[in-house]
Structures are given as C-alpha cells and as structure tokens.
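Dear colleague,

I am handing over the structure below, and after it you will find an account of what was found. Please keep the model open beside the text as you read.

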Amino acid sequence: MNGSPVLIPPIERHLDANHALHPDNLWIRIVRFSLGIVVLVALMQKTFDATLPGNDVDVVQLFSEFTVQSNLAVGLVLIASAAWPRAQLPAWWDHVFGALVVYLVMTGLIYVVLVAPPDEPWWSLDMYWPQLVHHRLAPLAVALDWLVVTRTVRGPWWRPLIWLGYPAAFLVFSWVRGSIDGWYVYDFLDPTVDGGWSAMLLVIAQVLVAFLVVALLVHVAGNRRAALAAGPPRR
C-alpha cells in the first residue's frame with residue numbers, strides 16, 4: 001500500500017491487514033467520528049432531561065457520574081482520533097485511549113452488576129436510549145476498536161496502575177462530595193445505607209479488583225495488538 005501513512009514505530013508485520021486497519025483509513029475515521037457524535041448527543045439528551053422538573057438528578061449531579069465523565073472523554077477522544085491523522089497526535093494518545101477502554105468496559109460491567117434495576121436482564125436493549133449508548137454501545141465499540149485497529153505503541157508494565165488513578169480519584173471525590181451534601185453518585189458508594197462502611201468498603205474492594213483485572217487484560221491486549229503490527233520488542 002504505497003504512500004500510506006506510517007505509525008511510530010512503523011508497521012513491520014502482516015502489512016496488508018495492518019494497513020487495511022490503519023487508524024487513518026477513511027472507514028475507521030468515519031466509524032470513530034460517528035460513534036463520538038452519538039455518545040455526545042446521548043450526553044446532551046441526558047443533560048437536557050436533567051433540567052426537567054421531577055428528574056432524579058440535576059445537571060451538576062449528572063456530571064458527577066463516572067459514566068457521564070468517561071463517556072464525555074470517550075466522545076471527544078473518538079472525534080479527535082477521526083479528525084487528526086495519527087502522526088499528528090502525541091505518542092501517549094494510545095495510552096489514553098486504553099485508559100478509556102478500561103473505564104467504559106467497567107462502566108458497562110458496573111451498570112449490569114450494581115446499578116441496573118434488579119429485574120433488568122443484562123442483555124436487555126429495552127432502556128432509555130442514552131443509557132443504551134453509554135452502557136452498551138460505547139463500551140463494546142471502544143473495546144473492539146482497541147482490539148482491531150492497528151497500533152504499534154506498547155505500554156510499560158506499570159501502565160494499568162496509572163490507569164487506576166482516575167477511578168481512585170473519583171472514589172475520593174464521591175466520598176468528599178457525599179460528606180458535604182449527603183448525595184452519593186451511586187448507592188454502592190454510600191456508607192449510610194444498610195451495612196455502613198464495612199459493607200460499602202467490601203463492595204469497593206471488589207470493584208477495585210475488577211478494575212485492576214480489566215486494566216491488566218486491556219494492557220495485555222493492547223501490547224499483543226501492537227506486536228501483530230510492529231513485531232516483538234527489540235532487546
């Protein structure tokens with residue numbers, strides 16, 4: 001594929017397949033742009049609905065949610081990834097994308113396990129459409145992007161620990177906010193519910209372990225995807 005853009009490090013293996021899946025290819029940029037727009041439009045719908053009388057959250061509370069913050073970041077990153085060639089984006093761009101994959105996958109999992117109504121099947125698509133976008137479509141799409149689109153940048157072994165920085169900061173923020181105004185973003189973060197701090201901390205420990213496991217899987221998958229294009233690391 002003569003004249004195709006290069007990645008740094010360059011593509012060295014499976015040339016045809018990796019050029020076909022190059023992030024600068026038009027079809028990939030269209031998919032990324034379209035998904036980014038859908039994610040942001042869904043967020044605009046949530047924001048508008050939060051201004052209506054009788055809604056269970058206001059706009060400030062809405063933007064205190066992990067789901068909203070991570071989807072806002074994903075929407076902007078997808079649009080930027082579509083708008084600029086990969087060579088014009090910084091080397092750390094793939095690491096940020098990987099972090100967002102972790103956050104979106106965990107958003108989907110936490111919704112199914114801890115947030116969704118008890119009678120809602122995990123496979124259900126019968127839900128408020130912005131929730132469908134933010135908890136079903138976006139997590140699946142960015143995970144597939146991470147696994148499919150050509151990458152050559154590898155992450156160091158400690159990358160998953162860096163990715164956990166934002167969830168840890170969000171946890172502290174949620175507790176501080178809740179202690180001030182009594183409103184907690186999610187019920188499982190509320191130490192005033194049945195079981196108190198001990199029950200809540202047990203759930204939080206399980207969530208953090210799940211975050212670490214997902215971060216490790218995403219990290220390994222990203223490095224394996226890079227190896228398919230750039231080959232094994234040079235010694």
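**Pockets, helices and core**

The element that gives the most to the lining of the largest pocket is α5, with 5 residues. Helices such as this one (H or I, at least four residues) are DSSP runs numbered from the N terminus, as strands (E, at least two) are. Please bear in mind that this is a predicted model, in which local features need pLDDT of at least 70 and side-chain atom pairs count only at pLDDT 80 or more, while totals for chains, interfaces and linings use all residues. Residues are numbered from 1 along each chain as its sequence is written, and side-chain values use heavy atoms, with hydrogens and water left out.

A pocket is an open set of points on a 1 Å grid over the protein atoms alone, with protein on both sides within 12 Å along at least five of seven lines, whereas a cavity is a set of points where a 1.4 Å probe fits but cannot get out; lining residues have an atom within 4 Å of a point. Grid points are joined across faces, edges and corners, and a volume is the space filled by probe spheres set on the points.

The largest pocket has a volume of about 860 Å³, and of the 36 residues that line it, Glu65, Val115, Gln131, Val185 and Tyr186 lie nearest its centre. Two or more lining residues come from each of α2 (26-50), α4 (66-83), α5 (93-115), α6 (129-148), α8 (165-181) and α9 (196-230). By class, this lining has 24 nonpolar, 5 polar and 7 charged residues, where Ala, Val, Leu, Ile, Met, Phe, Trp, Tyr, Cys and Pro count as nonpolar, Asp, Glu, Lys and Arg as charged, and the others, Gly among them, as polar.

The second largest pocket has a volume of about 200 Å³, and its lining holds 9 nonpolar, no polar and 2 charged residues. The elements that give two or more residues to this lining are α2 and α6, and the largest share, 5 residues, comes from α2.

How far apart are the end C-alpha atoms of α2? They are 36 Å apart, which agrees with the span expected for its 25 residues at 1.5 Å a residue, the expected span being 1.5 Å times one less than the number of residues. Among the buried residues of α2 (buried means under 20% relative accessible area with a 1.4 Å probe, protein chains only) are Ile28, Arg32, Leu35 and Val39. The buried residues of α2 pack against α1 (15-20), α3 (59-62), α4, α5 and α6. As for α4, 13 of its 18 residues are buried.

The largest nonpolar core (a set of buried Ala, Val, Leu, Ile, Met, Phe, Trp, Tyr and Cys residues joined through side-chain atoms within 4.5 Å) has 46 residues, and those with the most contacts inside it are Val102, Tyr103, Trp163, Leu189 and Phe211. The most residues of this core, 10, come from α5. Phe211 is in contact (heavy atoms within 4.5 Å) with residues including Phe66, Val102, Tyr103 and Met106, not counting residues up to four places away in sequence.

Finally, the structure holds 1 cavity of 30 Å³ or more, and the largest cavity has a volume of about 60 Å³. Its lining divides into 4 nonpolar, 1 polar and 4 charged residues, with Arg32, Arg86 and Asp94 among them.

With best wishes

Key. Buried means under 20% relative accessible area, exposed over 50%, partly exposed in between (1.4 Å probe, protein chains only).
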